[in-house]
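Welcome, and please open the model in your viewer with side chains ready to display. This tour goes from one charged group to the next, with a short stop at each.

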Amino acid sequence: MPNDWIDPPEDALPWGYTIYGEEIEQGELDVREVEAGRYIKPHEFERYIKDNSRLVNTEELNYE
């Protein structure tokens, strides 16, 4: 590999995108795959939990 190819070019395309549309740069740390092919960054964890959970009333008795 030529020496001038060791560092990526300045105009390199992003490695990918998070589920919220943010760019993931090549070599970025702490990016997690939550589902096959779907990624989130650490600051998106709380938003992901709120978007993908539902409120459950544990006090309500249901004997049906």
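Let's begin in helix 1. Select Glu46 and Lys50: they sit four residues apart in this helix, so about one helical turn separates them. This is a predicted model, and in it the two side chains form a salt bridge, with 3.3 Å between the closest N and O atoms. Color by accessibility and you will find that Glu46 and Lys50 are both exposed.

Stay in helix 1 and select Arg47 and Asp51. Here again the spacing is four residues, so the partners are about one helical turn apart. Arg47 and Asp51 form a salt bridge too, with the closest N and O atoms 3.8 Å apart. How accessible is Arg47? Its relative accessibility is 47%, so Arg47 counts as partly exposed. Asp51 is likewise partly exposed, with a relative accessible area of 47%.

Now leave the helix and select Glu28 and Lys41. Their side chains meet in a salt bridge, at 3.3 Å from N to O. Which parts of the chain does this pair tie together? Glu28 lies in the loop between strand 2 (23-24) and strand 3 (32-35), while Lys41 lies in the loop between strand 4 (38-40) and helix 1 (45-51), so the salt bridge joins parts that are 13 residues apart in sequence. Compare the surroundings of the two partners: Glu28 is partly exposed, at 32% relative accessible area, whereas Lys41 is buried, at 10%.

Keep that pair on screen and add Glu22 to the selection. Glu22, Glu28 and Lys41 are linked in a network of salt bridges. Across the model, the count comes to five salt bridges.

For the last stop, select Glu44, in the loop between strand 4 and helix 1. Is Glu44 buried or exposed? Glu44 is buried, yet it has no salt bridge. Side chains of opposite charge can pair when their charged atoms come close. For Glu44, the nearest side chain of opposite charge is Arg47, at 5.6 Å; the cut-off for a salt bridge is 4 Å, so this pair does not qualify.

What does Glu44 contact, then, beyond its neighbours within four places in sequence? Show Thr18, Tyr20 and Glu22 to see those contacts. Glu22 brings you back to an earlier stop, as a member of the network with Glu28 and Lys41.

Technical notes:
Residues numbered from 1 in each chain as written. Predicted model: local features only at pLDDT ≥ 70, side-chain atom pairs only at ≥ 80, totals over all residues. Heavy atoms only, no water. Helix = DSSP H or I, 4+ residues; strand = E, 2+ residues; numbered from the N terminus. Buried < 20%, exposed > 50% of the residue type's maximum accessible area, 1.4 Å probe, protein only. Lys, Arg positive; Asp, Glu negative; His and termini not counted. Contact = heavy atoms within 4.5 Å.
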